[in-house]
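User: Could you walk me through this protein? I'm new to reading structures, so please keep it friendly.

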Amino acid sequence: MTEIAQKHLAYCWIARGDRVLFLRRSPGVFLAGRWELPGGTVEPGEPFEATAVREVAEETGLKVRVTAELSRDSWPDVAGRAMRIHAFVYTAEEDGTGDVVLNPDEHDEFAWVTPGEARDLELAAHFRRLLEQ
């Protein structure tokens, strides 16, 4: 029997007023051109909330603190590997209001959009499901 690997992702829902920060994945990376919340892969032994805060800093330069869990979702790997993906989305507040500075190796654009506007973006399925909750 093939063992199914587990991958955990943690993201932040960062709002300024009624707008939320979304990032577009750079050309040449997995899911290039798709928009997503700031976040990424949980490292072994790392608490999920710490991953979300670390990834926001690495991807945007913003400093945030997690305030609550917003949602969680799971799905089979879209690339067909024997893997199950688990994503956690946390609401987060900024420590001050800084400028977004993207890591160009991962993202090439950002936008502060309303949840309604975000539905018009090219999103990965799990972010679409989040917006439809």
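Here is a short run of questions and answers about this model.

User: What kind of model is this, and how many helices and strands does the protein chain have?
Analyst: Keep in mind that this is a predicted model. From the N terminus on, the elements run β-β-β-β-α-β-β-β-α-α. Put together, the secondary structure of the protein chain comes to 3 helices and 7 strands.

User: How compact is the protein chain for its length?
Analyst: The globule rule gives 14 Å for 133 residues. The radius of gyration of the protein chain is close to that, so the chain is as compact as a globular protein of that length, at 14 Å.

User: What box do the C-alpha atoms fill along the principal axes?
Analyst: Think of a box lined up with the principal axes of the protein chain. The C-alpha atoms fill one of roughly 50 × 30 × 30 Å.

User: What percentage of the contacts with a separation of 6 or more joins residues 24 or more positions apart?
Analyst: Start with the contacts in the protein chain that have a separation of 6 or more. Now pick out the ones between residues 24 or more positions apart, and their share is 69%.

User: How much of the protein chain is buried, and how much area does it expose?
Analyst: Buried residues make up 41% of the 133 residues. On the outside, carbon and sulfur atoms supply 51% of the exposed area. That exposed area is about 7,200 Å².

User: How far apart are the centres of the positive and negative side chains?
Analyst: The protein chain has 15 positive side chains and 24 negative ones. Take the centre of each set, and the two centres lie 3 Å apart.

User: Which element supplies the largest share of the largest nonpolar core?
Analyst: That core has 21 residues, and those with the most contacts inside it are Tyr11, Trp13, Phe22, Leu37, Leu121 and Leu123. Strands S1, S2, S6 and S7 and helix H3 each supply at least two residues of this core. The largest share, 4 residues, comes from S6.

User: How many residues does the other core have?
Analyst: This other core lies apart from the largest one. Among its residues are Leu23, Val42, Val64 and Phe88. Its count is 15 residues.

User: Which residues does Leu121 contact beyond its neighbours within four places in sequence?
Analyst: Leu121 is one of the residues with the most contacts inside the largest nonpolar core. Leave aside its neighbours within four places in sequence, and the contacts of Leu121 are Phe22, Trp35, Val113 and Arg128.

User: Is Glu55 buried or exposed?
Analyst: Glu55 sits in helix H1. Beyond its neighbours within four places in sequence, Glu55 is in contact with Gly39, Gly40 and Thr41. The relative accessible area of Glu55 is 7%, and the cut-off for buried is under 20%. So Glu55 counts as buried.

User: Is Glu49 buried or partly exposed?
Analyst: Glu49 is found in helix H1 too. Not counting residues up to four places away in sequence, Glu49 touches Val66 and Tyr90. With a relative accessible area of 39%, Glu49 is partly exposed.

User: What is the relative accessible area of Val56?
Analyst: Val56 has its place in helix H1. Leaving aside neighbours within four places in sequence, Val56 is in contact with Cys12, Ile14, Pro38, Gly61, Leu62 and Val64. Val56 is buried, and its relative accessible area is 0%.

User: How far is Val56 from Tyr11 in space?
Analyst: In sequence, Val56 and Tyr11 are 45 residues apart. In space, C-alpha to C-alpha, the distance is 7.9 Å.

User: What is the phi of Leu31?
Analyst: Most residues other than glycine have a negative phi. Leu31 is not a glycine, yet it has a positive phi. You'll find Leu31 in the loop between S2 and strand S3. Its phi is about 60 degrees.

User: Which residues does Val29 touch, not counting residues up to four places away in sequence?
Analyst: Val29 lies in the loop between S2 and S3. At 23% relative accessibility, Val29 counts as partly exposed. The residues Val29 touches are Asp105 and Glu106.

User: How far apart in space are Gly116 and Arg19?
Analyst: Gly116 is in helix H2 and is partly exposed. Gly116 and Arg19 are 97 residues apart in sequence. C-alpha to C-alpha, the distance in space is 9.6 Å.

Terms used: Residues numbered from 1 in each chain as written. Predicted model: local features only at pLDDT ≥ 70, side-chain atom pairs only at ≥ 80, totals over all residues. Heavy atoms only, no water. Rg over C-alpha atoms; globule rule 2.2 N^0.38 Å. Buried < 20%, exposed > 50% of the residue type's maximum accessible area, 1.4 Å probe, protein only. Contact = heavy atoms within 4.5 Å. Areas by Shrake-Rupley, 256 points an atom, 1.4 Å probe, with all protein chains shown as cover. Lys, Arg positive; Asp, Glu negative; His and termini not counted. Charge placed at Lys NZ, Arg CZ, Asp CG, Glu CD. Core = buried A, V, L, I, M, F, W, Y, C linked by side-chain atoms within 4.5 Å.
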